[in-house]
Amino acid sequence: MIWKRTLLLSVLLLTGLLLETSVLGEATLLGAKPPLLLLFTVALALGEGPALAAGFGFAGGLLTDLMTGLPAGLTALAYTVVGYAVGAIRAQLQAPSTWLPVTMEFAATLGGLMLYGAVALLLGQEAVGGRTLLVTAVFGACYNALLTPFLYPLVRALAARLRPARVLR
């Protein structure tokens with residue numbers, strides 16, 4: 001069962017990466033591209049918890065860095081932190097609402113892109129800082145919030161199929 005879960009998460013990861021870099025790479029919203037793998041990471045965090053989301057975020061971020069030529073590890077760090085934080089926050093919520101996925105996707109994407117920019121600035125990547133970073137983060141968060149009603153149910157349904165059976169003791 002673990003190999004099936006790993007295989008399906010890998011397919012989700014590669015599908016997200018291909019969509020993000022090819023199809024949605026040209027569909028910009030005022031210069032911002034949708035960070036689709038971050039959307040998948042947050043969707044997994046809301047349904048499956050922080051550990052799976054952090055691992056998926058790390059793998060997705062690292063693949064994004066390697067595919068796009070970004071400094072290796074920055075996106076992986078940002079997506080890992082976002083996946084873990086969203087999963088931990090979700091575990092503390094008592095009554096999730098209908099708007100929770102859209103709100104969390106917006107906030108997590110904004111936070112993740114700002115974290116990426118802050119770490120990049122600390123490491124001397126001055127091209128990502130300033131007003132450009134803020135505009136890209138806000139419009140990237142808006143883009144993910146708009147895509148959430150379409151993609152969130154698909155990722156959650158896939159994650160539910162991957163959930164291991166409970167063991168009763």
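Is P153 buried, exposed or partly exposed? The legends below take up this residue first and then move to other close-up views of the model, which is predicted.

**Figure 1. P153 is a residue of helix 6.** P153 counts as partly exposed because its relative accessibility is 43%, and buried would require a value under 20% while exposed would require one over 50%. Along the chain, P153 and A43 are 110 residues apart. In space, the C-alpha atoms of P153 and A43 are separated by 8.6 Å.

**Figure 2. The largest nonpolar core draws on six helices, namely helix 1, helix 2, helix 3, helix 4, helix 5 and helix 6.** This core has 35 residues. Each of the helices named in the title gives two or more residues to the core, and helix 2 supplies the largest share, 10 residues. Which residues have the most contacts inside the core? They are L12, F40, L44, L46, F56, V86 and L147. In soluble globular proteins, nonpolar side chains tend to be buried together.

**Figure 3. L12, in helix 1, is one of the residues with the most contacts inside the largest nonpolar core.** The relative accessible area of L12 is 11%, so this residue is buried. Neighbours within four places in sequence are left aside in the list that follows. L12 is in contact with F40, L44, F56, V155 and L158. Of these partners, F40, L44 and F56 are also listed among the residues with the most contacts inside the core. L12 and V155 are 143 residues apart in sequence, yet 8.3 Å separates them in space, C-alpha to C-alpha.

**Figure 4. L147 lies in helix 6 and is another of the residues with the most contacts inside the largest nonpolar core.** L147 counts as buried because its relative accessibility is 17%, and the limit for buried is under 20%. Leaving aside neighbours within four places in sequence, the contacts of L147 are L24, P34, L36 and L39. One of these partners, P34, is 113 residues from L147 along the chain. The C-alpha atoms of L147 and P34 are separated by 8.7 Å.

**Figure 5. L46 is also among the residues with the most contacts inside the largest nonpolar core.** What does L46 touch, once neighbours within four places in sequence are left aside? L46 is in contact with V86, R90, L100, P101, M104, Y152 and R156.

**Figure 6. T41 and A45 are two residues of helix 2.** Helix 2 spans residues 36–48. T41 counts as buried because its relative accessibility is 0%. The side chain of T41 reaches the backbone oxygen of L37 at 2.7 Å. Not counting residues up to four places away in sequence, T41 touches A53, F56, G57, Y79 and G83. A45 counts as buried because its relative accessibility is 1%. With neighbours within four places in sequence left aside, A45 is in contact with A53, G83, V86, G87 and R90. A53 and G83 therefore appear in the contact lists of both T41 and A45, where contact means heavy atoms within 4.5 Å. A45 and L151 are 106 residues apart along the chain, and their C-alpha atoms are separated by 14 Å.

**Figure 7. The largest pocket holds about 630 Å³ of space.** The pocket is lined by 22 residues, and those closest to its centre are K33, L70, L113, Y116 and T136. Which elements give two or more residues to the lining? They are helix 1 (2–23), helix 3 (50–68), helix 4 (74–92), helix 5 (100–122) and helix 6 (131–162). Helix 6 gives the largest share of the lining, four residues. By type, the lining residues divide into 11 nonpolar, nine polar and two charged.

Technical notes
Residues numbered from 1 in each chain as written. Predicted model: local features only at pLDDT ≥ 70, side-chain atom pairs only at ≥ 80, totals over all residues. Heavy atoms only, no water. Buried < 20%, exposed > 50% of the residue type's maximum accessible area, 1.4 Å probe, protein only. Polar contact = N/O pair within 3.5 Å; in protein donor to acceptor, adjacent residues only side chain to side chain. 1 Å grid on protein atoms, 1.4 Å probe; cavity = no way out; pocket = protein on both sides within 12 Å on 5 of 7 lines; lining within 4 Å. Points joined across faces, edges and corners; volume = space filled by probe spheres on them. Nonpolar A, V, L, I, M, F, W, Y, C, P; charged D, E, K, R; others polar. Core = buried A, V, L, I, M, F, W, Y, C linked by side-chain atoms within 4.5 Å.
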